[in-house]
Structure formats: C-alpha cells, structure tokens
Amino acid sequence: MNTDIVFLHDLKIETVIGIYDWERKIKQTVILDLDMATDVSKAAASDHIDDAINYKSVAKRLIDYVGENHFQLVETLSERVAEIVLTEFGVRWVRLRVNKTGGVSNAGDVGVVIERGER
C-alpha cells in the first residue's frame with residue numbers, strides 16, 4: 001500500500017481558546033497544518049474527487065468545528081481535530097501542528113504537533 005501525503009497548511013481559524021479569564025471572552029487565531037497519509041493512486045487513475053481526500057471539505061469541517069467550540073488547551077483542540085480527520089475523512093494517519101500565535105510574549109509561534117493513526 002502506498003503512503004502518500006495530502007496536506008492542508010496555514011488554515012487560520014478564529015476560536016475561543018485559553019485558560020485565562022480574558023482569553024475566554026475573545027476569539028483568537030489558531031493556525032492548523034495537517035499532513036494526511038493516504039494512497040492517492042485511485043484518485044490519480046480516476047481523476048475524480050470522490051476518490052480523493054477533498055481538502056476543501058476537510059477545511060470547511062474544521063473551520064466549522066473549531067470556530068463553534070471553545071477550548072482551554074491547544075492539546076484538547078489538537079486531539080479533537082485529529083479525531084475528526086481520522087474518522088470522518090478515511091485518513092490512516094495525520095500529523096497536525098496547531099499554532100496559537102501570540103500565546104507567549106516575545107515568541108512568534110507556540111503550540112503542539114501531534115501524530116495519530118497508523119502510518
């Protein structure tokens with residue numbers, strides 16, 4: 001079985017995230033980078049979207065989910081997003097980077113990187 005990567009990077013989503021009172025009252029931007037393991041050969045042969053991971057559908061689902069929910073921890077957001085991608089889009093493995101920009105003074109990026117599923 002081939003292991004190819006379909007990626008969706010720099011997906012910006014506004015959500016309520018954080019542990020401090022002031023963070024619970026505002027929306028902040030999180031940036032998602034996803035690498036999703038799949039076999040693209042069927043899609044390549046058919047040239048049809050039904051045989052591919054539709055990254056537009058993945059993006060819309062994650063924008064809706066993350067934007068409509070509140071999280072205290074980046075870790076919780078990460079686990080929920082990985083679960084959605086694995087269970088709803090038939091992905092075997094996902095590497096997810098969640099960046100909470102501005103989470104620490106004097107740092108450009110902070111967040112987590114997780115990998116879930118079978119490679």
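How many salt bridges does the count come to? Ten, with a salt bridge taken as a side-chain nitrogen of Lys or Arg within 4 Å of a carboxyl oxygen of Asp or Glu. This is a predicted model, where local features need pLDDT of at least 70, side-chain atom pairs count only at pLDDT 80 or more, and totals for chains, interfaces and linings use all residues. Residues are numbered from 1 along each chain as its sequence is written, and side-chain values use heavy atoms, with hydrogens and water left out.

**View 1. The whole protein chain, with three helices and five strands.** Helices (H or I, at least four residues) and strands (E, at least two) are DSSP runs, numbered from the N terminus. Read from that end, the order is β-β-α-α-β-α-β-β. Along the principal axes, the C-alpha atoms fit a box of roughly 50 × 25 × 20 Å. The chain has 119 residues, and 37% of them count as buried; buried means under 20% relative accessible area, exposed over 50%, and partly exposed in between (1.4 Å probe, protein chains only). About 7,100 Å² of the protein chain is exposed, with carbon and sulfur atoms supplying 49% of that; the areas come from the Shrake-Rupley method with a 1.4 Å probe, and for residues only the protein chains shown count as cover. Take the contacts with a separation of 6 or more: 62% of them come from residues 24 or more positions apart, a contact being heavy atoms within 4.5 Å.

**View 2. Lysine 100 and glutamate 23, a buried pair.** These two form a salt bridge, and their closest N and O atoms sit 2.7 Å apart. Lysine 100 belongs to strand E4 (residues 93–100), while glutamate 23 is in the loop between strand E1 (4–17) and strand E2 (28–38), so the pair ties together parts that are 77 residues apart in sequence.

**View 3. Aspartate 64 and lysine 60, a salt bridge in helix H2.** Here the closest N and O atoms are 3.0 Å apart. The partners are four residues apart in helix H2 (residues 55–68), which means about one helical turn separates them. Aspartate 64 is partly exposed at 30% relative accessible area, whereas lysine 60 is exposed at 52%.

**View 4. Arginine 97 and aspartate 109, a salt bridge with a shared partner.** For this pair the closest N and O atoms come to 3.8 Å. Arginine 97 lies in strand E4 and aspartate 109 in the loop between E4 and strand E5 (111–117), so parts twelve residues apart in sequence are tied together. Both count as partly exposed: arginine 97 has a relative accessible area of 33%, and aspartate 109 is at 46%. Salt bridges with shared partners link Asp33, Arg97 and Asp109 into one network.

**View 5. Threonine 15, buried in strand E1.** What is the relative accessible area of threonine 15? The value is 0%. Its side chain reaches the backbone oxygen of valine 66 at 2.6 Å. Leaving aside neighbours within four places in sequence, the residues in contact with threonine 15 include Ile26, Lys27, Gln28 and Val30. Val66, Gly67, Asn69, Phe71 and Leu77 are also among the contacts of threonine 15.

Note on methods
A polar contact is a pair of N or O atoms within 3.5 Å; within protein, one must be able to donate a hydrogen and the other to accept it, and residues adjacent in sequence count only if both atoms are side-chain atoms.
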